[in-house]
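Welcome, and please open the model in your viewer. We will take a short walk through its pockets, selecting residues as we go.

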Amino acid sequence: MAQKKPLILVTNDDGITAPGIRALISVMNEIGDVFVVAPDSPQSGMGHAITVNNTLYCDPIVIDKNAPQKEYSCSGTPADCVKMAARQIMERKPDLCVSGINHGSNSAINVIYSGTMSAAVEAGIEGIPAIGFSLCDYGMDADFEPSKKYVRAVVENVLNNGLPKGVVLNVNIPRLPAEKIKGVKICRQANAHWVEEFDKRTNPMGRKYYWLSGKFINEDKGEDTDEWALKQGYVSIVPTQFDLTAHHFIQELNNWSLHD
């Protein structure tokens with residue numbers, strides 16, 4: 001008897017027509033039955049935002065006429081897409097959710113702001129094993145071919161081995177030709193941050209407006225971080241949890257004079 005194919009939910013934050021998600025869909029079609037629910041427009045930097053004050057639209061769409069996947073274009077955020085897929089559109093819970101392939105890095109502190117990773121986290125909250133994939137190339141003409149080998153390897157391992165409850169994977173792939181990628185490193189998230197600046201301008205009507213810019217500062221010298229791995233030419237994999245409790249501080253906090 002033939003083994004049943006896994007049901008794979010695919011989403012992203014760059015929009016349903018972005019080259020990265022099309023590359024991800026092509027790999028997933030080789031592994032399982034694919035169901036796509038993704039934003040109808042770019043949603044980068046949305047983090048874990050959800051739509052609460054507006055209506056949501058989620059319509060079937062055909063982008064690749066001869067492809068086997070089912071696709072829905074959603075007016076909401078990446079997290080909305082996963083909620084809609086899991087709670088409204090799909091007939092059964094998917095075996096896996098993959099998000100990406102993002103155009104640009106989601107290493108270090110970027111995981112907090114990332115719509116790509118927030119979609120994966122939302123799937124994890126729903127009890128679905130999930131992976132976020134990102135390529136460290138912001139260009140819409142980015143070459144995703146070198147990424148496919150690593151996407152397949154990570155996905156097959158998750159399907160075979162599973163993930164602990166509450167853990168999703170954050171996978172970042174360096175912007176390198178296939179022959180120059182050295183392999184894979186399992187990492188921790190680098191202790192790095194953005195120093196933001198706002199470029200203040202004035203529009204023709206005299207109203208002030210601002211463009212956000214800034215510098216990425218990595219003061220973490222560890223050789224076990226995602227930033228180090230990527231700079232050395234490795235694919236980084238960070239197991240990421242969505243329990244934000246600072247467990248190590250609970251005992252000290254209990255010693256504060258807060259109780260009657």
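This is a predicted model, and our tour begins at the second largest pocket, whose lining comprises eight nonpolar, five polar and one charged residues by class. The volume of this second largest pocket is about 380 Å³. To find its centre, select V111, I112, T240, Q241 and L244: of the 14 residues that line the second largest pocket, these are the closest to the centre.

Next, colour the second largest pocket by element. Show α3, α4 and β11 (234–241), the elements that each give two or more residues to its lining. Linger on β11, which supplies the largest share of that lining, four residues.

Now move on to the largest pocket. What is its volume? The largest pocket comes to about 520 Å³. Select G45, N110, Y113, Y138 and W194, which lie closest to its centre among the 21 residues that line the largest pocket.

Which elements should you bring up around the largest pocket, each supplying at least two residues of its lining? Display β5 (96–103), α3 (110–113), α4 (115–125), β9 (192–202) and β10 (208–218). Highlight β10 in particular, since this strand gives the most to the lining of the largest pocket, with four residues.

Finally, colour the lining of the largest pocket by residue class: you will see six nonpolar, 12 polar and three charged residues.

For a last view, keep α3 and α4 on display. Both give residues to the lining of the second largest pocket, and both also supply residues to the lining of the largest pocket.

Terms used:
Residues numbered from 1 in each chain as written. Predicted model: local features only at pLDDT ≥ 70, side-chain atom pairs only at ≥ 80, totals over all residues. Heavy atoms only, no water. 1 Å grid on protein atoms, 1.4 Å probe; cavity = no way out; pocket = protein on both sides within 12 Å on 5 of 7 lines; lining within 4 Å. Points joined across faces, edges and corners; volume = space filled by probe spheres on them. Nonpolar A, V, L, I, M, F, W, Y, C, P; charged D, E, K, R; others polar.
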